[in-house]
Amino acid sequence: GLFDKAISFNNTGTYTSEREYLRIGNTVTQNIKTLRQTNGITFSVWFYPTFPSANSTEDYHCIFDTDAAGKFYIRQQGYSYNIELSLNGNNYITTNTFQSNKWNNIVIVLHSGSTFNIDLILNGVTTTHSSIADTVFGTTSDYNINNGYIGIRHNGSSIKTAETWDGDFEDFRIYDRALSAIEVENLYNAQ
């Protein structure tokens, strides 16, 4: 985080009120689809959720979204405490859950190859989704990292105010390669 501090988002209240989020600048030129095809790509973040479970007015809290009409985003899966990666309408979900009011870590590794695996590592527990065809991505321009959102979902034309983050983020990272299992373990144990 900034100066060794977490970034806090306080998005309680009505959905018509202004929401807190970060925007990735348009000078970032990398593309998720292209990076994955070349060397893989890894997302990592420590998060401290402060929202209650089974809250029908605040579900699907979003961690990261590209600016591409919902083609790629990472969020809480529904009312559960699972993490979901949505990729062009296909959903990949952790088998274990995170805890509210505690620090949690999610690392998402998209491996390279024409058929590839996705590893979702939540608090050190890996859920692997195997044999995914590269064609799942669709149009390359839908996966630009530039103008992406941290802490809120964007559907391509407007902010999805019902999918905002409540809580803290620390050490949000995007790697231009697939991290090895040892590197992921070291990230988790370093905190």
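In the predicted model, N88 is placed in the loop that links strand 6 (83-87) to strand 7 (90-93). With a relative accessibility of 26%, N88 is classed as partly exposed, because the range for that class begins at 20% and buried residues fall under it. Leaving aside residues up to four places away in sequence, N88 is in contact with K71, V136, F137, G138 and Y143. A polar atom of the N88 side chain lies 2.9 Å from the backbone oxygen of V136. The C-alpha atoms of N88 and T135 are 10.0 Å apart, with a separation of 47 residues along the chain.

Strand 6, which precedes this loop, also contributes to the largest nonpolar core. This core comprises 34 residues, of which F72 and I118 touch the most other members. At least two of its residues come from each of helix 1 (32-38), strand 3, strand 4 (62-65), strand 5 (72-76), strand 6, strand 8 (104-110) and strand 9 (115-122). In soluble globular proteins, nonpolar side chains tend to be buried together. The contacts of F72, again without residues up to four places away in sequence, are I32, F43, F64, D65, T66, L85, S86, L87, L110 and Y143. Y143 is thus listed among the contacts of F72 and also among those of N88. Another core lies apart from the largest one; it has seven residues, including V109, Y175, L179 and L187.

An open sheet is formed by six strands in the order 1-14-3-8-9-10, with antiparallel pairing. Its edges are strand 1 and strand 10 (125-133), each of which pairs on one side only. From one strand to the next, the twist averages 20°.

At one edge, strand 1 (residues 7-9) is joined to strand 14 (residues 167-175) by three bridges, and the two run antiparallel. Within this pair, I7 stands opposite F169 of strand 14. Strand 14 is also joined to strand 3 (residues 41-49), in this case through seven bridges and likewise in the antiparallel sense. Here E170 of strand 14 is the residue opposite W46. In a regular strand, side chains alternate between the two faces of the sheet.

At the other edge, seven bridges connect strand 9 and strand 10, which are paired in the antiparallel sense. D119 has T128 in strand 10 as its bridge partner. Strand 9 therefore takes part both in the open sheet and in the largest nonpolar core, to which it supplies at least two residues.

Notes: Residues are numbered from 1 along each chain as its sequence is written. This is a predicted model: local features need pLDDT of at least 70, side-chain atom pairs count only at pLDDT 80 or more; totals for chains, interfaces and linings use all residues. Side-chain values use heavy atoms; hydrogens and water are left out. Two strands pair if DSSP finds at least two bridges between them. Helices (H or I, at least four residues) and strands (E, at least two) are DSSP runs, numbered from the N terminus. Buried means under 20% relative accessible area, exposed over 50%, partly exposed in between (1.4 Å probe, protein chains only). Contact means heavy atoms within 4.5 Å. A polar contact is a pair of N or O atoms within 3.5 Å; within protein, one must be able to donate a hydrogen and the other to accept it, and residues adjacent in sequence count only if both atoms are side-chain atoms. A nonpolar core is a set of buried Ala, Val, Leu, Ile, Met, Phe, Trp, Tyr and Cys residues joined through side-chain atoms within 4.5 Å. Axes are lines fitted to C-alpha atoms, for helices over the stretch in contact, and angles run from 0 to 180 degrees between N-to-C directions.
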